Amino acid sequence: MNALGPGIVYTETVVYSPPEAYVNDVPYQLAIIQLNSGGRLTGRIAGPRAEIGDPVSFDEFRNGVAFFHKNQ
Amino acid sequence: MRQVAVVGIGKTAFGAFPDRDLRSLAVEAGQKALENGRAEHSQVEAFYLGNFAGPSFVGQNHLAPYVASAIGIAGVPATRFEAACASSGAAFFHAVSAVAAGLYDVVLVAGVEKMTSQTTPKVTEILAGAGDLCGEVRAGATFPALFAMIARRHMYQYGTTRQHMAAVAVKNHGNGAKNPLAHMRKVITMEQALNGKPIAEPLTVYDCSLISDGAAAVLIAPLERAAEFTDKPVRVLGIAQTSDYVALDEKDDITTLRAVRTSSEKAYKMAGLGPRDIQFAEIHDCFTIAEIIAIEDLGFVEKGQGGPYTLAGKTCIQGELPINTSGGLKAKGHPVGATGVGQICDVVQQIRGEAGERQVSRNKIGLAQNLGGSGATSVVSILGAA
């Protein structure tokens, strides 16, 4: 998959009660990212917690999941 | 189109029943509805079954004829409807449509789910199958997480608070405590509701509906034949089912459930009524935020006012618009495939004046709102005294 550009957090949550596939990941931050290039997608935020409106940058796809981090 | 009436209702208790299988629950509800409607098995012309995930929860497929034959109505067309948590709402919509069109007269509609034989992570995974597996679910979305993200955005745009959501939980637990068929008959305090174990921030365990086993059924017939079955027929005044995107990230505005708006507009139009005419409602409170958003999208209050309206006590049994007198999915329980028809049973019970200490005084026109997924299916039914 291609790299994604930067975006803004449209909404987010931190998941504590996971589906079976992700029992080892909790807690993890899930977010819908509004991409600056248009469109939204659901991905994860790694590192410091991001809130609605925070700018984020794309890191990488891991197993098809887009990971972002909050801009410093 | 012909007028359609609900002429019989039947429910199992909702709860965790390790000794009961899916079929026995559905059969119990179906038999009760037939008895309640004083109907012979031979009078039933079709069977509509709502069930979300029997094949995943218990491994059984081909559920509608499996249940129909056990009820004693083998031979009739028997079909399962799957629309996530709106499965039996959808079954009810299609059954009413068929009777209204004159295809059948007497139809049994049931909903059932057997969920508690699986672990919570497994149930969470099966339920997530109602989301988009290629996108949000792969990223780690669960249903609590999807509604948590809806809640966050609603809080951000409208100033909805944790207290507003907790008020939904406190009210519905209070109502459920008075419902003999409810899964959790436990009153909770605002303090408890605000300090529950986190599930997906900002939602705690008190914001989430229950994992339950249970079944519900209704018998429907043309209004002109209703007197053959009951002294208290309840008319379907308006009903509509609509759909929307499955994935949350494909919706323009996640603080509103578009399918709830479109289905309610259609149902109001069919009934010749508006939101102000509704006297009480059973709302799909799969999460506390869902009740807040639904009462906004149904037009009961302005957008953003669902939380303050609830916190002010307006939706209590004694309030101006009682919501979820059954205890809702939060306390009555949420055997997902049974929920839609269960709501119809609860509304009918109120209209008949059979709700006991939960009885509302203005009980002539009630609404049931059944939601699938994060809003991809919505069924709204408006029922009234015949």
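Me: What makes strand 4 and strand 5 of chain A a hairpin?
Reply: In this predicted model, 2 residues lie between strand 4 and strand 5 of chain A. A:Asn63 sits in that turn, with a positive phi of about 50 degrees. Strands here are DSSP runs of E with at least two residues, numbered from the N terminus.

Me: How do you know that strand 4 and strand 5 of chain A pair?
Reply: Pairing requires that DSSP finds at least two bridges between two strands. Strand 4 (residues 55–62) and strand 5 share 6 bridges, so they pair, running antiparallel. A:Val56 stands opposite A:Lys70 in strand 5 of chain A.

Me: Why is strand 3 of chain A also called a partner of strand 5?
Reply: 3 bridges join strand 3 (residues 40–46) to strand 5 (residues 65–70) of chain A, so the cut-off is met. These two run parallel. A:Arg44 has A:Phe67 as its bridge partner in strand 5 of chain A.

Me: What makes domain 1 and domain 2 of chain B touch?
Reply: Contact means C-beta atoms, placed from the backbone, within 7 Å. By that test, 39 residues of domain 1 are in contact with 35 residues of domain 2 of chain B. Helix 4 of chain B gives the most to the domain 1 side, with 7 residues; helices are DSSP runs of H or I, at least four residues.

Me: Where do the bounds of the two domains of chain B come from?
Reply: An automatic or database domain assignment sets them. Domain 1 is 4–119 + 211–234, and domain 2 is 131–209 + 235–385.

Reply: Residues are numbered from 1 along each chain as its sequence is written, with chains lettered from A and ligands numbered from 1 in written order. Local features need pLDDT of at least 70, side-chain atom pairs 80 or more, while totals for chains, interfaces and linings use all residues.

Methods. Two residues are in contact if their C-beta atoms, placed from the backbone, lie within 7 Å.
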